[in-house]
Amino acid sequence: MVSADPVRTHRVPAGVIHEHQTAARPTPHGFDRVAPVYSALEKLVYGDAMQKAREAFLDRVNGHGDLSVLTLGEGPGGFLTRLCGSVRASRFFIIEPSSKMRALQWRKLQSNPFGDGSHEFHYFGSLEEFLDWARHRTPVTIDVVVTHFFFDMFDEDGIRGIIRSVNPLTVEAGRWWWADFQIVPGGRWWRRMRASVLLRVMYFFFGMVSGLRCRRLANAQPLFTECGWTRTTVKSYSFGFISAGEWTRSGSPGSQPH
Ligand SMILES: C[S@@+](CC[C@H](N)C(=O)[O-])C[C@H]1O[C@@H](n2cnc3c(N)ncnc32)[C@H](O)[C@@H]1O
């Protein structure tokens, strides 16, 4: 409900954080347990590959101002801090249910004194809360949507639902940066084997520690195409196991938010 939207604000060197408290949500979130070790584990297993994939398209917006960015499941905030160091006076809509992940992001934002303090960071606990806020409070349009290592938590229906919900908010020349794991069919056998072992281990670990129920990587590429997006560039890392794509809107935004 609109009236139940108290906003807590915090100032950080890059701008102001608006923490929207739109609904009661279960706490702690499963990813709270992963948050303290997430970045260390990532480094141990993949070195810089995941971070390179996150930053793959930052040069496309370097120096731009007045951007609106929606990031789903930002995690510990390594990408967010780099992005807001690259652009000026922009709005970041961050969907992050884990309070521990938020705390890591804010610590990074606090200790990185970049920019002129003119960014706005709007935090929401779920996509539904953000969509509700966007519908009722203010006209919101999104220039860049970011889903990094996020769709691997959903099945095809879940991914399709997310893309369709976000679509109507995206601008005509909107971009979608999507980085994730992939198993390339037909590649070298040892790469496929490595990828499939790593995927099994990750799903087992996140299932045990964060309660993640998803157990397999959905094929999201056709869903993007079906929902009106075209991939303009793709880069790969970690022997092809990690892929980063930039997608642009290729048609009308389609369905309305539910
Ligand atoms: C696998 S981590 C990915 C983190 C980060 N984007 C990255 O590049 O590594 C998933 C993140 O999504 C968040 N998350 C989990 N379920 C979510 C949901 N339903 N909506 C939005 N974020 C969610 C978690 O708290 C966590 O920060």
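Biologist: Which residues of helix H6 (residues 156-166) are buried?
Modeller: The model is predicted: local features need pLDDT of at least 70, side-chain atom pairs count only at pLDDT 80 or more, and totals for chains, interfaces and linings use all residues. Residues are numbered from 1 along each chain as its sequence is written. A residue is buried if 20 or more other C-beta atoms lie within 10 Å of its own, exposed if 12 or fewer, and partly exposed in between, with C-beta atoms placed from the backbone. In H6, a DSSP run like the other helices (H or I, at least four residues) and strands (E, at least two), which are numbered from the N terminus, the buried residues are Ile159, Ile162, Ile163 and Val166.

Biologist: Within what arc do the buried residues of H6 fall, seen down its axis?
Modeller: An α-helix has 3.6 residues a turn, so residues three or four places apart point the same way. The arc is that of the directions from the helix axis to the C-beta atoms. The buried residues of H6 line one face of the helix, because the arc that holds them is 95°.

Biologist: What covers the buried residues of H6?
Modeller: Contact is the criterion here: two residues are in contact if their C-beta atoms, placed from the backbone, lie within 7 Å. The covering elements include two helices and three strands, namely H5 (127-136), H8 (221-226), E3 (68-72), E6 (142-148) and E7 (170-181).

Biologist: Which residues does Leu127 touch, not counting residues up to four places away in sequence?
Modeller: Leu127 has its place in helix H5 and counts as partly exposed, with 19 C-beta neighbours inside 10 Å. Its C-alpha is 8.7 Å from that of Ser165, although the two are 38 residues apart in sequence. The residues that Leu127 touches are Leu72, Ile95, Ile162 and Ser165.

Biologist: With which residues is Met153 in contact, leaving aside its neighbours within four places in sequence?
Modeller: Met153 lies in the loop between E6 and H6 and is partly exposed, with 17 other C-beta atoms within 10 Å. Between its C-alpha and that of Leu217, 64 residues apart along the chain, the separation is 7.9 Å. The contacts of Met153 are Leu212 and Cys214.

Biologist: Is Gly78 buried or exposed?
Modeller: Gly78 is found in helix H3 (residues 78-86), and its contacts beyond four places in sequence are Ser39 and Gln51. The C-alpha atoms of Gly78 and Gln51 are separated by 7.7 Å, at 27 residues apart along the chain. Because Gly78 has 20 C-beta neighbours inside 10 Å, it counts as buried.

Biologist: How many of the residues of strand E5 (residues 119-124) are buried?
Modeller: Two strands pair if DSSP finds at least two bridges between them. E5 pairs in the parallel sense over 5 bridges with E2 (residues 15-20), and it pairs with E4 (residues 91-95) in the parallel sense over 5 bridges. E5 is largely enclosed by the rest of the structure, because the buried count, out of 6 residues, is 5.

Biologist: Which residue in E5 is the bridge partner of His18?
Modeller: Val16 has Glu120 as its bridge partner in E5. For Phe93, the bridge partner in E5 is His122. The bridge partner of His18 in E5 is His122.

Biologist: Which residue in E2 stands opposite His10?
Modeller: Strand E1 (residues 7-12) and E2 run antiparallel and are joined by 6 bridges. A hairpin of 2 residues leads from E1 to E2. Opposite His10 in E2 stands Ile17.

Biologist: Which residues around the ligand come nearest?
Modeller: A residue is near a molecule or strand if its C-beta atom, placed from the backbone, lies within 6 Å of it. The shell divides into 9 nonpolar, 6 polar and 3 charged residues, where Ala, Val, Leu, Ile, Met, Phe, Trp, Tyr, Cys and Pro count as nonpolar, Asp, Glu, Lys and Arg as charged, and the others, Gly among them, as polar. Of the 18 residues around the ligand, those that come nearest are Phe31, Gly73, Gly75, Ser98 and His148.

Biologist: What percentage of contacts in the chain between residues at least 6 apart in sequence join residues at least 24 apart?
Modeller: The chain has 8 helices and 9 strands, and 33% of its 258 residues count as buried. Its C-alpha trace spans about 55 × 40 × 35 Å along the principal axes. Among the contacts between residues at least 6 apart, the share that joins residues at least 24 apart is 78%.
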